[in-house]
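Open your viewer and get ready to select residues by number. This tour goes stop by stop.

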Amino acid sequence: MSAWEDFGAEGGLFRRLRADCAADWQAYTWHDFCRQLSAGTLPLAAFQDFLIQDYLFLIQFARAKALAVFKAESLEAMREKTASIQAILAETTMHLTYCAEWGIPESKVRATPESAETVSYTRYVIDRGLAGDILDLEVALAPCTVGYAEVALRILADPARKVEGNPYQSWIEAYGSDGYQSLARAAAARIDALGVSHGGAARFPMLAATFGEAARLEQRFWQQGLDAAAS
């Protein structure tokens, strides 16, 4: 088993969801955008576009986490989700600093509208949370949280990866770090636990449809960066 295949427990809901949409998951976690990050050949314009939209995504991601507080199954889960909102809001501030390091002033980031891909992805996640329960919402969120950890592991294992002089090494290291990997593993474990407590087996077809659609929306999120560089 590859390192990126062991998120979640064997026989648990997360691995079942990942396996059910294996082709879409592969297309997301090893998209050409990711392969170019690994090789250090991704056009700067593609990465800059991604960074701006990722900032706008984080704002909506915080809203989805706020919804998770409302939908949470316990007081302990409410506290956990409240802490995650605070972490995401702090990340938006750090993200603006990171954008500036890549030549994108804060004024430009804030003035850029959400792309159609950003709107479609974030609102889909929020819609699943509004329409369903905490399991529906967490399943919609998981491809982002766990997927980025898997992308980093795939890059770190890539024999074609450029290490020395790769301009994107700091991004790769951030998502490959022990801290982020632990966060992703906790997210997969939470899917497994909610799958048991909230009837995941009986609801699997609908949950799998949500997970698969989120993976496809993640693909489009990568692709918009490549499209921006090509235009």
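Which residues does Thr118 touch, not counting residues up to four places away in sequence? Select Thr118 and look around it. Its partners are Gln53, Leu56, Phe57, Arg123, Phe221 and Gln224. Keep in mind that this is a predicted model.

**Stop 1: Thr118**

Thr118 sits in helix H7. Is Thr118 buried or exposed? Thr118 is buried, because its relative accessible area is 0%, and buried means under 20%. Now show the side chains of Thr118 and Gln53. A polar contact of 2.6 Å joins these two side chains.

**Stop 2: Asp127**

Stay in helix H7, where you will also find Asp127. Asp127 counts as partly exposed, at 42% relative accessibility. Next, select Leu137 as well. Asp127 and Leu137 are ten residues apart in sequence. Their C-alpha atoms are 8.5 Å apart in space.

**Stop 3: the largest cavity**

How many cavities of 30 Å³ or more does a search of the whole structure find? The search finds one. About 30 Å³ of space lies in the largest cavity. To see its walls, select Gln60, Phe61, Ala64, Thr122, Val125 and Leu141. Then colour by helix. H4 and helix H7 (116-131) each supply at least two residues of this lining. H4 gives the most, with three residues. By class, the cavity lining has four nonpolar residues, two polar residues and no charged ones.

**Stop 4: the largest pocket**

Keep Phe61 selected. Phe61 lines the largest cavity, and Phe61 also belongs to the lining of the largest pocket. About 920 Å³ of space lies in that pocket. The pocket has 37 lining residues. Which of them are the closest to the pocket centre? They are Phe61, Glu91, Tyr175, Tyr180 and Leu183. Select these five to find the middle of the pocket.

Now bring in the helices. These each supply at least two residues of the pocket lining:

- helix H4 (44-71) and helix H5 (75-101)
- helix H8 (134-157) and helix H9 (169-176)
- helix H10 (178-197) and helix H11 (204-230)

Which helix gives the most to the lining of the largest pocket? H5 does, with nine residues. Colour the pocket lining by class too. You should find 23 nonpolar, six polar and eight charged residues.

**Stop 5: Thr29**

Move to helix H2 (residues 22-29), where Thr29 has its place. Thr29 is buried, with a relative accessible area of 0%. Show the side chain of Glu150 next. The side chain of Thr29 makes a polar contact with it, at 3.4 Å. What else is in contact with Thr29, leaving aside its neighbours within four places in sequence? Besides Glu150, the list holds Cys34, Gly147, Val151 and Arg154.

**Stop 6: the cysteines**

Cys34 has just appeared among the contacts of Thr29. How many disulfides does a search of the whole structure find? The search finds zero disulfides. Cys34 is in no disulfide, and the nearest cysteine sulfur to its own, that of Cys144, is 12 Å away. Draw that distance in the viewer. A disulfide needs two cysteine sulfur atoms within 2.5 Å, so this pair does not qualify at 12 Å. Cys144 is likewise in no disulfide. Now check how covered each one is. Cys34 counts as buried, at 0% relative accessibility. Cys144 is buried too, with a relative accessible area of 10%.

**Stop 7: the start of the chain**

Select Met1. Met1 lies in the segment before helix H1 (13-20). Is Met1 buried or exposed? Met1 counts as exposed, because its relative accessibility is 72%, and exposed means over 50%. Met1 touches Asp6 and Arg15, not counting residues up to four places away in sequence. Now add Leu37, which is 36 residues along the chain from Met1. Their C-alpha atoms are separated by 24 Å.

**Stop 8: Ala9**

Ala9 also lies in the segment before H1. Ala9 is partly exposed, with a relative accessible area of 41%. Ala9 is in contact with Arg15 and Asp192, leaving aside its neighbours within four places in sequence. Arg15 is a residue you have met before, as a contact of Met1. Finish by selecting Ala9 and Arg110. They are 101 residues apart in sequence. From C-alpha to C-alpha, they are 40 Å apart in space.

Conventions:
Residues are numbered from 1 along each chain as its sequence is written. This is a predicted model: local features need pLDDT of at least 70, side-chain atom pairs count only at pLDDT 80 or more; totals for chains, interfaces and linings use all residues. Side-chain values use heavy atoms; hydrogens and water are left out. Buried means under 20% relative accessible area, exposed over 50%, partly exposed in between (1.4 Å probe, protein chains only). On a 1 Å grid over the protein atoms alone, a cavity is a set of points where a 1.4 Å probe fits but cannot get out, and a pocket is an open set with protein on both sides within 12 Å along at least five of seven lines; lining residues have an atom within 4 Å of a point. Grid points are joined across faces, edges and corners, and a volume is the space filled by probe spheres set on the points. Helices (H or I, at least four residues) and strands (E, at least two) are DSSP runs, numbered from the N terminus. Ala, Val, Leu, Ile, Met, Phe, Trp, Tyr, Cys and Pro count as nonpolar, Asp, Glu, Lys and Arg as charged, and the others, Gly among them, as polar. A polar contact is a pair of N or O atoms within 3.5 Å; within protein, one must be able to donate a hydrogen and the other to accept it, and residues adjacent in sequence count only if both atoms are side-chain atoms. Contact means heavy atoms within 4.5 Å.
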